[in-house]
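Me: I am new to this structure and would like to understand its ligand site and some of its local features. Please show it first, and then let us proceed by question and answer.

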Amino acid sequence: MITSKTKIYGLLGYPVKHSFSPLIHNTAFTAKKIDACYLCFETKPENIKEAIEGIRALNIQGVNLTIPHKETCISYLDKIDKDAELIGAVNTIVHKENKLIGYNTDGEGFSKALKEDLNFDPRDKTIFLFGAGGAGKTVGISLAKSGARQIFIVDKNKKKAGALAENIGKNFPCTAVELTHSHNQEAIKNAHLLVNATPIGMNPDDNLLINPVYFSQQLLVFDLIYNPTETKLLRTARKKGLKAANGLGMLVQQAALSFELWTGEKAPIEVMRKALQNK
Ligand code: NAP
């Protein structure tokens, strides 16, 4: 029941109609008996400044941000935390004592999912990363922060790949970074983890990003895509007997971290995961 005391949270994005975030967060609020409601606010890029001001003006308690606002929102916030600054993107705003504070829970969400779904610790490991866009940047920084020894980056957009390599090189000098291509057989053979942070695989007709004959038996595969739940890449890896996970765990974990920042309560992760799986 929505009352005059109900707290409002939401998602700013464009488009937002496809989002699972209302389902995840409203399920969590109900499970924890928190009088709050999560809505989608379809916000055009040119209106982001007014939308952020609206959070303060309307006393909205917090929001998530998705494409295309994760970077552009930053200049309208009072403060951003260290992870968000490193990644250069905010996916969560907390409105507290009239201050808007930006966080990035995607990176930690990815780390947690990697541990939970693949029992993988990036420390001293070699990673082959496809994609240096919004998600790839977050993943690359998170892996370097966790002590990865070497990250190979493949992206058809050379500018984005170069910017990510430069960011990691500057902030995490102990992690070696190399821009490469999908036929670097030696690098894939030696990799412990392959991550797909491109949209390739969302469409069942998409080609595989990489030739699976290069896969070694030590390789783990993490595909950030969660819809479909099993991409061609995941199916191929599993057929070869490799452990592989989709992006559902990351989606749940980043949402749980946002929930905890907003409410100060432990997120009901299993309830949130189940709601998504059922959907
Ligand atoms: P994005 O910002 O568009 O980045 C994708 C990057 O991949 C771009 O740099 C793109 O280059 C590059 N790319 C596209 N096709 C490629 C190919 N064949 N080979 C190499 N590079 C290629 O997208 P994003 O926001 O990072 O999202 C990427 C994927 O991650 C999406 O499927 C999204 O659903 C998923 N995701 C999942 C989660 C989760 O919680 N599980 C969170 C965020 C994102 P161009 O710029 O030239 O196109």
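**The ligand shell and local features**

Reply: By class, twelve nonpolar, five polar and three charged residues make up the shell around the ligand. Here Ala, Val, Leu, Ile, Met, Phe, Trp, Tyr, Cys and Pro count as nonpolar, Asp, Glu, Lys and Arg as charged, and the others, Gly among them, as polar. The model is predicted: local features need pLDDT of at least 70, side-chain atom pairs count only at pLDDT 80 or more, and totals for chains, interfaces and linings use all residues. Residues are numbered from 1 along each chain as its sequence is written, and side-chain values use heavy atoms, with hydrogens and water left out.

Me: How many residues surround the ligand?

Reply: A residue is counted as near the ligand if one of its heavy atoms lies within 4 Å of it. The closest are Ala-135, Asp-155, Lys-160, Leu-224 and Gly-247. The number of residues that surround the ligand is 20.

Me: Which residue has a polar backbone atom 3.0 Å from a nitrogen atom of the ligand?

Reply: A polar contact is a pair of N or O atoms within 3.5 Å; within protein, one must be able to donate a hydrogen and the other to accept it, and residues adjacent in sequence count only if both atoms are side-chain atoms. Oxygen atoms of the ligand lie 3.0 Å from a polar side-chain atom of Lys-156 and 2.8 Å from one of Lys-160. For the nitrogen atom, the backbone partner is Gly-247.

Me: Between which domains does the ligand lie?

Reply: Domain bounds come from an automatic or database domain assignment. The ligand lies between two domains because both give residues to the shell around it. They are domain 1 (7-104 + 250-278) and domain 2 (107-246).

Me: Which residues form one aromatic cluster?

Reply: Rings of Phe, Tyr and Trp (its six-membered ring) pair if their centres lie within 6.5 Å; planes under 30 degrees apart count as stacked, over 60 as edge-to-face and the rest as tilted. The structure holds eight aromatic pairs. One cluster consists of Tyr-9, Phe-29, Tyr-38, Phe-259 and Trp-262.

Me: Where is Pro-15 found?

Reply: The peptide bond joining Tyr-14 and Pro-15 is cis, with omega about 10 degrees. Helices (H or I, at least four residues) and strands (E, at least two) are DSSP runs, numbered from the N terminus. Pro-15 belongs to the loop between strand 1 (7-13) and helix 1 (21-31).
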